Amino acid sequence: MLLLLQTSPSFFTALAGIVGLMIGSFLNVVIHRLPKMMERDWHAQCEELNGQTTEPAPRYNLVVPRSACPHCGHAISAIENIPLLSYLFLRGKCKGCGVAISPRYPVVEAISGILSAFAAWHFGFGLAGLAAIVFVWALIALTFIDFDSQLLPDDITLPLLWLGLLLNLNGAFTSLPNAVLGAVIGYLVLWIVYWVFKFATGKEGMGYGDFKLLAAIGAWLGWTMLPLVILLSSVVGAVIGIVLIVFAKHGRNIPIPFGPYLAGGGLIALFWGQALTQSYLQLLAP
């Protein structure tokens, strides 16, 4: 199997796509449950600080309880949880009550499968290829969690940061000094923007999770990629924000999460950062 993965890029790409589909199903669980787990922890900590004693809540984590329809409580069987195929077979409806299932579930699965396969094809079998797939999974989860709750959980961003530094001990994506500087500069850049905006307007323009996410991206790709990531995320964020305000009547005072755009910029830099940077420098050359 190992020899086949090393000698057959198409096999590795196909396998990564299939595994990506299955992980995408798990990512749906992470996206739905992790913010709820965080909220439960906050309530428990507040009760403890206030000296309150309550009955322990039922176990709730990424494994327990079993996935079920939120409308009728129908427990989802293994055959109903096959990525993409189950959604098509059930025609997008719960088997128990017939209520429509959100199309976002197969969308997340498809995105995970496609990007995993692309990362495998782009980097090939090896440390960089396997690590890039994990990077993709983490950014997908963070993107949809931020869209839903405007949270970027430390449970994902901090391990992602440390993993990037560890991988670059052997220069998987950049040198270790560049990775360390990337983590530091990535955090400080948005930290400074946060405080300048707050002093100027009296409002918070972004959350601390954004600092940690850019630090993690810097730890993976190095500080030289940060200008490109910030530029791409800012442009995409500005365009989508204007579209939401003009066409979707999104209120100007309603915050728009920045994490998904940072994640998008990070993915573009992961795959095409070197080429884009070289092209830009050539345009500037006399």
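**Figure 1. In which loop is R91 found?** R91 sits in the loop between helix 3 and helix 4; helices (H or I, at least four residues) and strands (E, at least two) are DSSP runs, numbered from the N terminus. This is a predicted model, in which local features need pLDDT of at least 70 and side-chain atom pairs count only at pLDDT 80 or more, while totals for chains, interfaces and linings use all residues. Residues are numbered from 1 along each chain as its sequence is written, and side-chain values use heavy atoms, with hydrogens and water left out. Now look at the backbone: R91 is not a glycine, and still its phi is positive, at about 60 degrees. That makes a good place to pause, since most residues other than glycine have a negative phi. R91 is also exposed, with a relative accessible area of 75% (exposed means over 50%, buried under 20%, and partly exposed in between, for a 1.4 Å probe and protein chains only).

**Figure 2. The whole protein chain is built from helices, with zero strands.** Before zooming in again, take a step back. How many helices are there in the protein chain? There are 10, and reading along the sequence gives the pattern α-α-α-α-α-α-α-α-α-α. Along the principal axes, the C-alpha atoms fill a box of roughly 65 × 55 × 45 Å. Of the 286 residues in the protein chain, 37% are buried.

**Figure 3. The loop between helix 2 and helix 3 holds both P65 and L84.** What kind of peptide bond joins V64 and P65? The bond is cis, and its omega is about 0 degrees. For comparison, most peptide bonds are trans. Follow the chain on to L84 and you meet another backbone surprise: L84 has a positive phi of about 65 degrees, although L84 is not a glycine. L84 is partly exposed, with 28% relative accessibility.

**Figure 4. R33 lies over the face of the Y60 ring.** This view brings together a charged side chain and an aromatic one. The distance from R33 to the ring centre of Y60 is 5.5 Å. Such a charge counts as sitting over a ring if NZ of Lys or CZ of Arg is within 6 Å of the ring centre and within 35 degrees of the ring normal.

**Figure 5. F173 and W220 form a tilted aromatic pair.** Rings of Phe, Tyr and Trp (its six-membered ring) pair if their centres lie within 6.5 Å; planes under 30 degrees apart count as stacked, over 60 as edge-to-face and the rest as tilted. By this rule the model contains 16 aromatic pairs. In the pair shown here, F173 and W220 are 5.6 Å apart, centre to centre, with 40 degrees between their planes. F173 belongs to the loop between helix 6 (154–167) and helix 7 (176–201), and W220 to helix 8 (residues 208–221), so this contact ties together parts that are 47 residues apart in sequence. Are these rings buried or exposed? F173 is buried, with a relative accessible area of 18%, and W220 is buried too, at 0%.

**Figure 6. Y194 and W195 meet edge-to-face.** Here the ring centres are 5.1 Å apart, and the angle between the planes is 90 degrees. The two partners differ in their surroundings: Y194 is buried, with a relative accessible area of 3%, whereas W195 is partly exposed, at 26%.

**Figure 7. Ring pairs join F173 and W220 to other aromatic residues in a cluster.** Widening the view around the pair of Figure 5 brings in more rings. Which residues do ring pairs link into this cluster? Besides F173 and W220, the members are F118, W121, F123, F135, F271 and W272.

**Figure 8. Helix 5 (residues 127–149) offers L139 and V134 for a closer look.** Start with L139, which is buried, with a relative accessible area of 1%. L139 and P106 are 33 residues apart along the chain, and their C-alpha atoms are separated by 17 Å. Next comes V134, which is partly exposed, with a relative accessible area of 33%. How far apart are the C-alpha atoms of V134 and S116? They are separated by 8.4 Å, while the two residues are 18 residues apart along the chain.
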